[in-house]
Every structure is written in C-alpha cells, then in structure tokens.
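Here are a few exercises to work through with the viewer open. Try each one yourself before you read the solution.

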Amino acid sequence: MQTLNNEIAEKIISKKIEKKEAMRIFDSLSETDKLQLISQIKSLTGITDVVNGNGATSNRLKPLDQRDLEEHHRAFIQKLITEYENFVPKSKANVPKNHFHFVDQRRNFHLIKEIKQLHFQITYEKAEGAYVHDIDGNKYIDISGDMGVNIFGHKAPVIVDAVKAALDRGIPLAGYSETIHKATKLISELTGHDRVLFTQSGTEAVMVATRIARAATNRKKIALFEGAYHGLSDVVMAMRDMQGNSLAAGPGMLQEFADQIIVLKYGDEESLDIIEAHADEIAGVLVEPVQSRHIYNKPVEFLRELRSITIEKDIPLIFDEMITGFRVSPKGAQGIFNITPDISTYGKIPGGGLPTGLVAGSQKYMDLIDGGTWEFDDDSMPKSKRVGMGGTHSQNPLKVASAYATMKEIKRQLRENEDNTNYYSETSDCMYCKLNTRTMRMVEELNQYFIEHNLPITIDFFGSLFRFRYVDSYWGITEALMFILMRMNGVETNIQGNCFLTTAHTDEDIRNVIDAVKKSLQMLMEEGFFYIAPTEELEEEVFVETPIAVQQNKTTHKETSVSNSQIQQLKDLLVKDLKRFNQ
Ligand code: PMP
C-alpha cells in the first residue's frame, strides 16, 4: 500500500489530479492509509504540525493555484514564456540539446505542467562576488548562496589564492598536508569542540556521527525530528506517520532501516517523554536545531530540556549544523542558543566552495574514530575501539586549503576585541553581527511590504539564512512565477527555497533585491495571481519573528491522539482547496 500511497501523494502534490479525484481517492482509503498518505504528503512538502507561531496579522490575499487559471492568466503566461525565451535563449536551448545524457533530479523539482516552458535551469558562465553571470550575458544578484556554502561571495580572493597555491603543490592524497593540522586546530577553536574529522560530504559526516553514537552506546536507534533534513544516507531518512511509526522515505529505501529510526515531532514536549521512555534503545539524538525548511521554529527551551535529558540518560546529542554552522555564528545555532551538543556536523561553509563535511565533538566520542591519541615515548596505544571510517577525498589538500582559508578569514573578521557573543548586535563590527543585522533589516522591510499589501507571504530568517514562505499553501504557480520574475528582475534564487546573503552583498545589492521582490509581486498582483479569499479560507496567521522572539520561543504541547477532526484539518491543509471543492 505504501507504494500506492507514494504515487497518490506525488500526484496530489504535483497537482496532477483534479480535486474531485483527490477527494475520491482519499475517502476510499482506510483510516491507516489516510494517515500514511497524510504523512507522506507532509514529508514531501516539508509541512509539519508546527505550522505557524503566534499571529501577527491575518492575510486577505491567496495565491492562485494552477487549477484555477483563467484565460487572462494563460495569456499572461504565454507572453512571459516568449519574453523569457528571449531573455535566456541559450540556457533554454541547452535543455533539449543536453538533458538525455545528463541525469539530474533537480531538473524536475517543483515542476508545474502549466508553466513547464519556464522551468529549466540557467547555465552559468561565471560567478564573482555577489553575482552570477549566465551564458546569455545576464548578470544576477545571487541570493541562492550556493545552497548555504557561500558566505564571502564568489571567488573570495583569500580562498582562491589558497586553493591555487595548493594546486601548485600538487594533490597528494595519502599523506597529510601541513594545512590539515592548522585547519583542524582552528576549527576546534572556532567551534569549541575538542577534535575534528574531515569527511567528503555532509551526508557522510552525519552518517559517521550516528555510527559513533551507536558504537559509544551499544544501542541501535537514532531519534531525529520530523521536518529536518540530514542528507541522503539511509541511516537518517525516514518519515513519520500520524501514529508515530517510522516509514521508509521513498523508493529504494528499506523499512528495515526506517525501523531503526524514531521520528519525533520537533519542539514537542511529548517527544522528550518518548526519548526518556526509550532511553535504553536510543544510541543518539540527531537534531537540526533550526530546520532550514522551517526556520520560524526555534524551540530553544525544548533544546535545553533535550540537552538535560540526553546528559542524564547518557545519550549522545548530535547537532547537524550543516547550514547553520559558521552561518549564524561560528559554532552555528549552538553558539546563539548557548547549548553544547556532544557531536556536531558541519560542512557547507567550511568547504569554502569545495566539497566537504566535518564531524566535530568531544574527545570521548571522537576518539571512537581513531582510537584516541598515543605518545611515541611510552607504551601508550590507541585506547578505544574504532568505528569504520575512510574516504579517498576526505583530506583532499585542495579542500583542506580552502577550508583553512575560510576559517582564517572568519577568525579575522570576528574582530578580537568586539563583542562576539551577540550576533545580532547593531553596534559591533564583527562579521556575523553585520551580516545578520543586514539580513534582518532586509527581511523586516519585505515582511512589512507583505503585510501592507495583504500578501500571504512571509520571510523567515536565521542569521543570513532566509526563506520566502507562502503561508497556508505549498508550491504553486504564483510562487513559481515569482521566482521567474525575480530572475528577470536580476535576482537569482534557489528553487529549493533557502536563500542567503553574503559579506559580498552591498547595501545597493540588498536594495535591488528588495526592489526586485516588490516589482515581481506587484506584477503578479496586477495580473490577478493573488485573489481575495472568502473569509472561511482565512485560517492561518503569519508569524513574523524577531531575534527577541527567537529567544523567547516556548515549547508547545500538541495533541497526540488522532481524531477525525485532526484528519480533516490536515486534509484541508494539505490538499489545500478541497474545502472549496466541497462547498
Ligand atoms: N544536513 C543538513 C542539515 C543539510 O542541510 C544537508 C544538505 N543540505 C546535509 C546534511 C547533507 O549535506 P551534503 O549535501 O553535503 O551531503
């Protein structure tokens, strides 16, 4: 049944079936299958039960869905297709010419049939500072942030010089480079963790961290939280049904792996109770402290309680700071929330643009990789058992040089005598204070604009990570068109959602980003891609956050029993306009 549910979920999300058909199928399922289907949709869309926080304002407008297009919308789309074709002709021509040999799942991400002529990746020619240039001669302000890798802008001279120098020295892989000693020491200093391991990717870092946890505790299960992403490894990929069971996350993934994962609700007190109750089986708790897909949810108190429980029960706590590490503060979210996990995984920014992952942690756990240190002049030997670890390119000198250059630059820009503890300080000159504050100002202005225009959009942010969120709707034609129009207005985003500012963005760039967002939305409003919702559709409120709210964000209790009304509520939320159909 799960495969069938996968297919149904996929059809509902990609809106390949009519509302009536979706409703009919849903109603024909057993209660268990309904719950599974809802879980699958939740997992695929990234919607969690913690949808929004306390309300700031209600929204009157709703984004148009592709199933509600009228003649004038279609005419606008047709005109846009012609304009876009003239704007990026070479990028578009690359698709039919080259897409057979080049396998890329990203190509079909968020594909909407009604505008598929607009759906293709841009071919870049080069990138420099805050900009990317495409092969058609267009220059864009890049807020895609290279999926979170980029903090100093493209081609930051300090990184380019270090990599060029490393390249000139050749790329020997078997021995060590001088740089790896300096790099691991500096990463230790910046993150506060005793010992540091380089891996080839973030996925691998998380995989190794869970292996350490299992080896340390001799327990099996990894507890993690709904809504997080921890990379591609089967060890951490599972979703949760409404009864709390873990399900294999998709084709090719085994239920046997999912059975070793406990998927819990993030920020929910009940999850803490479950961890306490199953402490004997839990090898490690893996957390993405601020989930990049749900940035508005920063359950600091919950994390503190989780830290206490995991200490008490001797369960290693792993923070996956792949995106937040060196982004919001050098340590990541843990630096802002003042919570120290046992093990942290990093990997985007520290690679400086080259592929890497890092596992950093206390000696007690990291010794499980190499057995711990020993001396030449006595009879000492590695003390602990060792988990399996390898990786041809884990210590590749090019990326280690890039990592060291990035770390040195971060340290330099932290400014030794500044207050480096308040990363949103308006007065401090440290790089995070400046970058985070500038992002906050930009977000504030845009959120204000959305409120003034009754737009159902809000931007969530954490440090210089931010994300546009269409409230009460999942990816539809209006959102897709907004990103196309932003590109035509000179701003490059990432279709996967996360956006970033870098230190290379000037005030003028930020102003231009703001203008591009406003201009794109203005056009969509004029062309009728937002409509005034009937009152009964106005169910949700927008949560516009501030760093202060972040600190005060409290854990909420959620109902756990599955009632009919809950199913109805989720059904309304997920298959978003079934309600209108019913009427
Ligand atoms: N953890 C988190 C929180 C991530 O965001 C990612 C990647 N976006 C990963 C792990 C996996 O990293 P990689 O893509 O380098 O394997």
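**Exercise 1.** In which sense do S3 and strand S4 pair, and over how many bridges?

*Solution.* Keep in mind that this is a predicted model. Start with the pair itself: S3 and S4 (residues 131–134) run antiparallel, joined over 4 bridges. To pin down one of them, take Ala127, whose bridge partner in S4 is Val132. Next, zoom out to the open sheet, where 4 strands follow the order S3-S4-S5-S17 with mixed pairing. Its edges are strand S3 (124–128) and strand S17 (491–492), each of which pairs on one side only.

**Exercise 2.** Find which residues surround the ligand, then sort out the polar contacts.

*Solution.* First, list the shell: it includes Ser201, Thr203, His230, Glu288 and Lys348. By class, that shell breaks down into 3 nonpolar, 5 polar and 3 charged residues. Now go through the contacts. A polar side-chain atom of Asp320 sits 2.6 Å from a ligand nitrogen. On the backbone side, an N or O atom of Gly202 is 2.9 Å from a ligand oxygen, and one of Tyr229 is 3.4 Å from a ligand nitrogen. Finally, check coverage: of the 390 Å² of accessible area the ligand has on its own, the protein covers 80%.

**Exercise 3.** Are Cys430 and Cys499 buried or exposed?

*Solution.* The cut-off for buried is under 20% relative accessible area. Cys430 comes out at 0%, so it counts as buried. Cys499 is also at 0%, so Cys499 is buried too. As for disulfides, a search of the whole structure turns up 0.

Conventions:
Residues are numbered from 1 along each chain as its sequence is written. This is a predicted model: local features need pLDDT of at least 70, side-chain atom pairs count only at pLDDT 80 or more; totals for chains, interfaces and linings use all residues. Side-chain values use heavy atoms; hydrogens and water are left out. A residue is near a molecule or strand if one of its heavy atoms lies within 4 Å of it. A polar contact is a pair of N or O atoms within 3.5 Å; within protein, one must be able to donate a hydrogen and the other to accept it, and residues adjacent in sequence count only if both atoms are side-chain atoms. Accessible areas come from the Shrake-Rupley method with a 1.4 Å probe; for residues, only the protein chains shown count as cover. Ala, Val, Leu, Ile, Met, Phe, Trp, Tyr, Cys and Pro count as nonpolar, Asp, Glu, Lys and Arg as charged, and the others, Gly among them, as polar. A disulfide is a pair of cysteine sulfur atoms within 2.5 Å. Buried means under 20% relative accessible area, exposed over 50%, partly exposed in between (1.4 Å probe, protein chains only). Two strands pair if DSSP finds at least two bridges between them. Helices (H or I, at least four residues) and strands (E, at least two) are DSSP runs, numbered from the N terminus.
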